[in-house]
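Student: Could you walk me through how the descriptive terms are decided here?
Tutor: Gladly; let us take them one at a time.

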Amino acid sequence: MSDALQAELVQVLGATLSPDTNTRRAAEEQLANLHAHNIDVGPALSVLVLPAAPSPIPAGETALRQAAALNLRQLVKAKWSPLFEFFTGYPTGPNRETEALPEPAKLTVRTNLLHALASSPSKSGRLAASYTLAAIASSDFPDQFPELLPALGQMLQPQSAPETVHGALAFLTEFVRNELDEQQVVGIGQDLLPLMERILADTQYSPFLRARTLLIFRQLLETLGMLKHTYPDIVKNAIDGFLPRWLQALTGLVSSDIAPELDPSSGWEALALRNEAYKSLKHAAYFRTHFRAILPQIVEAALSALDRTLPSFENIEMVPLPQYADGNLPSAPDGEKDIFVSVAGVAASALELLGECLRFRDADPKKKKSKQTSNATESTGPKNPLFDASAPDQPTPAFRALLSQLFAYARVTQADEETWADDINAFVAADEDEAYIGPDSTSSGLLRIVTIEQLSEILASQPALTLAALGASPGEGGVVAQACARGHAKRAQGLEGWWKDEEAVLACLGSVAELVEETLEEAQGGKTLDLELIFQQVVMPNIGANVTPFLRGRAFVFSSQYASVLPANIATQFLEEAVRTIESDPSTGGADGNAGEIVTVSAIRCIKNFHRHLASEIVRPYASRIISRLGPLLSSAQEDILVLLLETVQAVVAESSQGGQQAAIVPAETYAAIVQVALNVWAGNARDPVLGSVVADLVNTMAGSKAPGVAQAVVSHTLPHLASSMTATPESDEESAPLRQSAVELTDAVLDGADAGVLAEVGAVGVVLPHLLQVLGRTEDRDILQYGFKCLTLLVRKVPDQVLGWTDPSASVPAISAILTVVARALSPDQAESGGLEVGDLLIALLRKAGNAVLPALPELLQALVRRVADAQTASFSQSLILPFAYLMQEQAPVVLDLLESTTVEVTVANSTGAERRQISGLEALATKWVEDCETFRGFWAQRISTLALARLLESRRPVLDSVLVKGDQLADDSNIIRTRSRSKTMPHKFTQIPISAKLLKILVTEFDRASRGPPGGVGSGLGRLEAGEGIRTPDTDDEDGEWDDEDEPGHTDKGMSYLSDILGGGDIEDLDFDGMLSGGVEDAELKSDAVYQMDMKAHLASFLRGLQNVTPALPESVAASLTGDEAKRLQAALNFSG
């Protein structure tokens, strides 16, 4: 490393800062060349980062030092370690292999960066050094970087300057964000946490600096929580050693008076410290035994702070006082954006902490121990103020206070109003699910999201208690009644923002409408929420035209969220008002900017919800008025409003199009025009996946319409447009790739929705097939291949005669030959597996619908399938390749097996030196892969056809089944070594080796145990049952010491039994779509009528297993001996099964 190199780097780095583009680009190219070949560049750059000599950069040249640090970081990513994602190394190996930066050079870099971290006078210099050193430490510490902790410890000593302490903490902030292993975590915890604890307690340091110790502490807690089950002893010892002291310090921080910290003139520095304390306590709650000791103080302190903060929230965020109206508020200093917080942000953190406290329930002293807790110690220690174990149905004052704070902080802020007034799309997005992205510490808008999320979690975990607190009268502390009363009082006084209390009530309750309705249905007496009263006092008065737009709009949306509980006549009135609203001119908002649009958009959301929740006879008469108004809006709408409009049109169409002659009130041409507008909008926004998904739902629904002429009009308009879009641009045109891919996806949606008769009537095969085969024959795009093969499958299933009768006019090639050509391309070894995931369904459709046409090519096709199976890497691809064999083996097992035995396949086999290629029979290749992956097959019919074929395979007694060994049961691991992800690669689990025939028997015995007596949802569906509470772990029972904090509520077991149906949308167990659950989607309707789908699989397998004793040649004794004890019991159950 020479002075000349340093001087050259200074010059080049200076040129990278030039405003002249050509100068800057030339300098960047020169730097890239130096990085690629000169191993001295890294050490030289590290010298330039130093704040003083030997760095040649003058002390005041901050920009040059930052440029040096940035370039050093880029070099580290590329040249430091093969563990880094973008490692390229230096071609300095014996045979020009790439190697990392030599260790002596690394030592120089690490030493200089540590020095810069400790001595740089500027915060930007310390931050730049910390970023690069953190990347280095992620690969080098502790093995190659043992001096790191001692150096950091020295920097954190009491005599160290605040700048030096900041350097150490800035590094640790970056470092702990990496995926740390147990050695790194324990090392930091033992050596540095005591020093950071002292800094946290020392008020001579700035609140920002002290807050950074908590940020690091919190990240370490999170990491320890993830390591808890892998290293229980290590984590427990670490937590027991330091957590009690830190919790004591945190309790002191959050128990102090928040009022002085809320003053904007303070810069909100102390608020940042409190905010990090709240976040740290939330993570500390995972270690329940320690946290419970401070629970009462934390609940009381957080509620008190929220109460004290509320006036500042109202005066700064909701209706700003004049001194704050122009945004005259603190902002994040340089380098502190990850810690800085606003009033809204600290309130969000406090609410989330309280939400965590709700997970701690006290045991009811009146109840006996349940079986679940009979061998565990009942939770003891301080009680949770949020609950009263002696009166579990009565909300405590603390519980009411928490709910009250949620509604108070859910009120619309001034920033929300301004944002929504300027951007109507932001208003739409604010109420959509995708807006729930977690709180931003500086954003007031996202505080509302936190409040709604917390209310949802509270209601889900404590439904009856929550509704009792919400629905009580004002005098009894009813949260909703009190919030509405405050709004009424403000309205009477003419106060600005009077409407925000009522709007918050409707927003909060509307967001949890489904939970509220479910709870009300299950309520058995007692106080609860009176929805009728809310509609009378809040909704109905605010639905008229002379109301603040945000409140009026919220009233529309709320009414639709509770549509299912409204009487039909009331629901009709709301729907009529919503339709009249969208028929009026939204520009009548006048001086309120987008006020008219706010109401119109809310009315559209109301209409969408009504069509999804109300009976068809209520909404169908409005279809013509709604479609005629919304259709013209599509061409001018953008972003979120466009998506909302399309979703609403789709919802209206879904209801109106099922009405047969009743739906004819909307002409078919109107639907065709709407779908044409939607396609035009889609074509200009093909890169938008959300829009593409909504358009796909729309065309799918319209194509399946039962109204006379609608489906024909829609399909005949969409398919030509989409088909031409597939091939309108060459494959080399990457800019148009999203359009091609989306066109194939939308074609799949149309073909899936349309009935076979409609597709035949409009000649879908002639329109789609030429373009589809062309794009499949040339593309490498995974999505195009998957959706393209889905399209082919749908055409073969629905209009097989048209497919068989079609011939490519350009080459006189029959359709079957053309289809098999693109299939053969997808099966080629040089094609990615993802492109062939749908090939299996296509081939099965061809075999079922056009078997004779496929027959001449079948031997060659099966050989191509088995050769690709041999090297398949994913189970989903294996399923696609194997199922055609399984289908054929139902009737032609001997022929298929003979063909496989005569086929030679080349496979990769592991050996002592690595791997080798050798040849095996196709049957060995197929059977080996089949028994390895069959348990992951998806789809009820697919699983059954596979099981039947495996039985035929075992029954065939082919020699290879007894001579070839495959994985059996996993062997116990007695190495006493914890397997991390990296160790698992070098120390894979070990398995017994058993013959294929033994593996087949184990699979079939297991399948018998879970087989059903018929189609899914019938008797013996095989889902099994949980015994009362058996194996259930919940946040309330998952204690690190094996303790449960509360007992089961009455009827807990029964509620748990219906949980699956609850999360899948309600209904009884017989209403569940088991096939959709098993396969991730619904299988072809024809497969559901197939004999395999309907058969009594349990009886069939029992009969088969009993008949195995008569097979010739007999199964070796080792086959039965390979069964585990449980499997042997299952086999005996099958042999004794009487049906």
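Student: What angle and distance describe the packing of helix α5 and α7?
Tutor: Helix α5 (residues 103-119) packs with α7 at an angle of about 15°, and their axes are 11 Å apart. Axes are lines fitted to C-alpha atoms, for helices over the stretch in contact, with angles from 0 to 180 degrees between N-to-C directions. This is a predicted model, where local features need pLDDT of at least 70, side-chain atom pairs count only at pLDDT 80 or more, and totals for chains, interfaces and linings use all residues. Residues are numbered from 1 along each chain as its sequence is written, and side-chain values use heavy atoms, leaving out hydrogens and water.

Student: Why is α5 called roughly parallel to α7?
Tutor: Angles under 35 degrees count as roughly parallel, over 145 as roughly antiparallel, 65 to 115 as roughly perpendicular and the rest as oblique. The angle is about 15°, so α5 is roughly parallel to α7.

Student: Which residues make that contact?
Tutor: Leu114, Leu117 and Ala118 of α5 meet Leu148, Ala151, Leu152 and Met155 of α7 (contact means heavy atoms within 4.5 Å). By class, the contact of α5 with α7 has 7 nonpolar, no polar and no charged residues. Here Ala, Val, Leu, Ile, Met, Phe, Trp, Tyr, Cys and Pro count as nonpolar, Asp, Glu, Lys and Arg as charged, and the others, Gly among them, as polar.

Student: What makes α9 oblique to α11?
Tutor: The axes of helix α9 (residues 182-191) and helix α11 (residues 207-227) come within 11 Å and cross at roughly 140°. That angle falls in none of the named ranges and belongs to the rest, so α9 is oblique to α11.

Student: Which residues meet there?
Tutor: Glu182, Val185 and Ile188 in α9 touch Leu220, Thr223, Leu224 and Leu227 in α11. This contact divides into 5 nonpolar, 1 polar and 1 charged residues.

Student: How do you know that threonine 727 is buried?
Tutor: Buried means under 20% relative accessible area, exposed over 50%, and partly exposed in between (1.4 Å probe, protein chains only). Threonine 727 has 16%, so this residue is buried. Threonine 727 lies in helix α35 (residues 710-727).

Student: What joins the side chains of threonine 727 and histidine 771?
Tutor: A polar contact of 2.8 Å joins them. The term needs a pair of N or O atoms within 3.5 Å; within protein, one must be able to donate a hydrogen and the other to accept it, and residues adjacent in sequence count only if both atoms are side-chain atoms.

Conventions. Helices (H or I, at least four residues) and strands (E, at least two) are DSSP runs, numbered from the N terminus.
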